[in-house]
Amino acid sequence: MATRPEIILRGGTVVDGSGRRPAFRGDVAIAGERIVAIEPALPAADDAREIRVDDLVVAPGFIDIHSHSDFTLLRDPRAVSQISQGVTTEIVGNCGYGCCPIRDAALAQEAIYGYDPSPPLTWRDLDGYFDRLQRARPAVNVAALVPNGQMRIAVLGMADRPARACEVERMAELLREGLDQGAAGYSTGLEYPWESAATEEEITALCRVVAEAGGLYATHTRNRDEAAVEAIDEAIRTARAAGARLQISHLTPRGGADDTARALDRVDLALGQGQDLAFDMHTRLFGTTGLKVLLPSWALAGGRDALARRLADPAERARMRGSRSLISAVGDWRRVVLYDAPSRPDLAGMTFAEIATRAEKDPFDCALDILRDELDALHRPMVLLTTYDEAVLRDTYAHRLCAVASDATALAPDGPLAGAVFHGAYTWASWFFRRMIRETGAFTLEEGIHRLTGLPAERVGLADRGVLEPGGRADIAVIDPARFGERGTTFDPNRLAKGLVHLLVNGAATIEDGRPTGRRAGRILRRWGGRATGVRVEA
């Protein structure tokens, strides 16, 4: 070894994350932030700290390609829910949600998961956000996409209409700025109220900006229910017309196995035609979102008092009822569960059909009543949409280009986020390992780890992460394969995963012997230059 190692992990089962090389028993040597050697047996090194990892799996740190931790990492940078599952990198700015660009802080709150008045939104662009995040010293590495929802709010406010040509150009300028400042790409959330009026032509124009920079276009498609496959067709057309690399977020339609098979057929057809695309999927048997997405964007215009007046007006309520939303599209209030509403804890865990029967009212009106009672914390009420089963998820994961993701926020069971809930936060990677690798054998150890590491790294352009190799960053998870799994449940979700033994982030021991050390060594990962084949993301 040319570089003297500082740490040697000895005797573990090395799974390199590439998905190509079989696991082998070996040693991994680390110096500073880098891996310096991987061999079946490394010689002893003076002054190196040696850690025996017999009977444990040594893998790259997991990469969450679809995270919503943009703001929660500012509130609590420890990211306990993530590091306890072996996560070392998160990609934020997904689904059109995120922390920049910001022109009106009051409106921007609507498109930020986990928003809280502290810290205040004092920045305007990606540079400002990254600077604020770096000062928070996150425990994980963070790369970001430029979110379309925030761009649209910055330019159009809450206007519920297609953008004019001059407005598209202003959004394109904001997108170029974000990409120039190091964003890995661009995301849309076309099912959400502040983006639903965006046309295919509008998105295609913005995707051309991404294509010019060689970035990634990630989309939460326009419809994931009755027209889910047609919405995937739109995403494929848009990316093809723009020449952009495409990542379809949480691909599985809510309609079941037949729609999932059709969606996967569309992906394979596009791949066969030479298109550059892949997708990801979360690990929940339900969708989770804020109850406020029931509201059309026009209802949010004017702030709290204006919304209060609208919710008190029967005619305005009737107008809201006529607007399609992610929640109303489910089409059956028996499948919409109120998970959490601080003003009505007595209703938690009930379906809206049950709530309506109890109140002797219409389910839609019951939902609006809850939002009326939560006007001062409109982001708090959360709902579950019971839409998936395990067999459909397994069919989705089985595709060679499906990465696994949280679709959640980083949380912690104590501190400022102790009362926050986002399903999947504590369970996504640990559930996938337990269920899909260990119990069902749907994936070999090598291929399952690849879906959590090398595959997402390749899609985002993380050139020196996601695969264990000399010269790569020392983001390393050491796992007990017989124990690693989730402990959180649907109605008790904030429980730490078990079986993660050690975690290194940029060579720093973040977890030792199953316990957080308090070290926070995450980096901001900015993307610099190059077309798709030359993309690098660097600290």
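Begin by selecting D407, which is found in the loop between strand 16 (402-404) and helix 16 (428-439). The model on the screen is a predicted one, and in it D407 has a positive phi of about 50 degrees although D407 is not a glycine. This is worth a pause, because most residues other than glycine have a negative phi. D407 counts as buried, since its relative accessibility is 10%, and the cut-off for that word is under 20%.

Next, select E360, another residue that is not a glycine and yet has a positive phi, here of about 55 degrees. The place to look is the loop between helix 13 (352-359) and helix 14 (363-373). Is E360 buried or exposed? With a relative accessibility of 73%, E360 counts as exposed.

**The whole chain**

Now zoom out until the protein chain fills the view. Its secondary structure comes to 18 helices and 22 strands, and its C-alpha atoms fill a box of roughly 80 × 50 × 45 Å when the box is taken along the principal axes. The radius of gyration is 23 Å, which agrees with the value near 24 Å that a compact globule of 539 residues would have. If you colour the residues by accessibility, bear in mind that buried residues make up 63% of the 539 in the protein chain. Among contacts with a separation of 6 or more, 74% are between residues 24 or more positions apart. The chain exposes about 19,000 Å², and carbon and sulfur atoms supply 47% of that area. If you colour by charge instead, there are 66 positive and 75 negative charges to find, and their mean positions are 1 Å apart.

**Salt bridges, one by one**

The count of salt bridges in this model comes to 55, and a few of them make good stops. Select D131 and R135, whose side chains meet in a salt bridge with an N to O distance of 3.2 Å. Both residues lie in helix 4 (residues 126-136), where they are 4 residues apart, about one turn of the helix. D131 is partly exposed, with a relative accessible area of 42%, whereas R135 counts as exposed at 57% relative accessibility.

Move on to E202 and R152, and show their side chains, which meet in a salt bridge at 2.9 Å, N to O. This pair links distant parts of the chain, for E202 is in helix 7 (residues 200-213) and R152 is in helix 5 (residues 148-156), 50 residues apart. E202 counts as buried at 2% relative accessibility, and R152 is buried as well, with a relative accessible area of 1%.

The next pair to select is R254 and D225, which form a salt bridge whose closest N and O atoms are 2.7 Å apart. Here too distant parts of the chain are linked, with the two positions 29 residues apart: R254 is in the loop between strand 11 (245-248) and helix 9 (257-272), and D225 is in the loop between strand 10 (216-220) and helix 8 (228-242). Both R254 and D225 are buried.

After these pairs, select R317, R321, K361, D362, D365, D369, R372 and D373 together, since salt bridges that share partners join these residues into one network.

**A buried tyrosine**

Select Y192, which lies in the loop between strand 9 (185-189) and helix 7. Y192 counts as buried, at 3% relative accessibility. Which residues does Y192 touch, leaving aside those up to four places away in sequence? They are C95, Y97, Y113, H220, T289, V293 and L326. To gauge the span of the model from this point, add T489 to the selection: Y192 and T489 are 297 residues apart along the chain, and their C-alpha atoms are separated by 27 Å.

**Two cis peptide bonds**

For the last stops, keep in mind that most peptide bonds are trans. Select C100 and P101, which are joined by a cis peptide bond with omega at about 0 degrees. P101 lies in the loop between strand 7 (87-92) and helix 3 (105-108). Then follow the chain to S118 and P119, where the peptide bond from S118 to P119 is cis, with omega near 5 degrees. The place of P119 is in the loop between helix 3 and helix 4, and helix 4 is where D131 and R135 were found earlier in the tour.

How values were computed:
Residues numbered from 1 in each chain as written. Predicted model: local features only at pLDDT ≥ 70, side-chain atom pairs only at ≥ 80, totals over all residues. Heavy atoms only, no water. Salt bridge = Lys/Arg side-chain N within 4 Å of Asp/Glu carboxyl O. Buried < 20%, exposed > 50% of the residue type's maximum accessible area, 1.4 Å probe, protein only. Rg over C-alpha atoms; globule rule 2.2 N^0.38 Å. Contact = heavy atoms within 4.5 Å. Areas by Shrake-Rupley, 256 points an atom, 1.4 Å probe, with all protein chains shown as cover. Lys, Arg positive; Asp, Glu negative; His and termini not counted. Charge placed at Lys NZ, Arg CZ, Asp CG, Glu CD.
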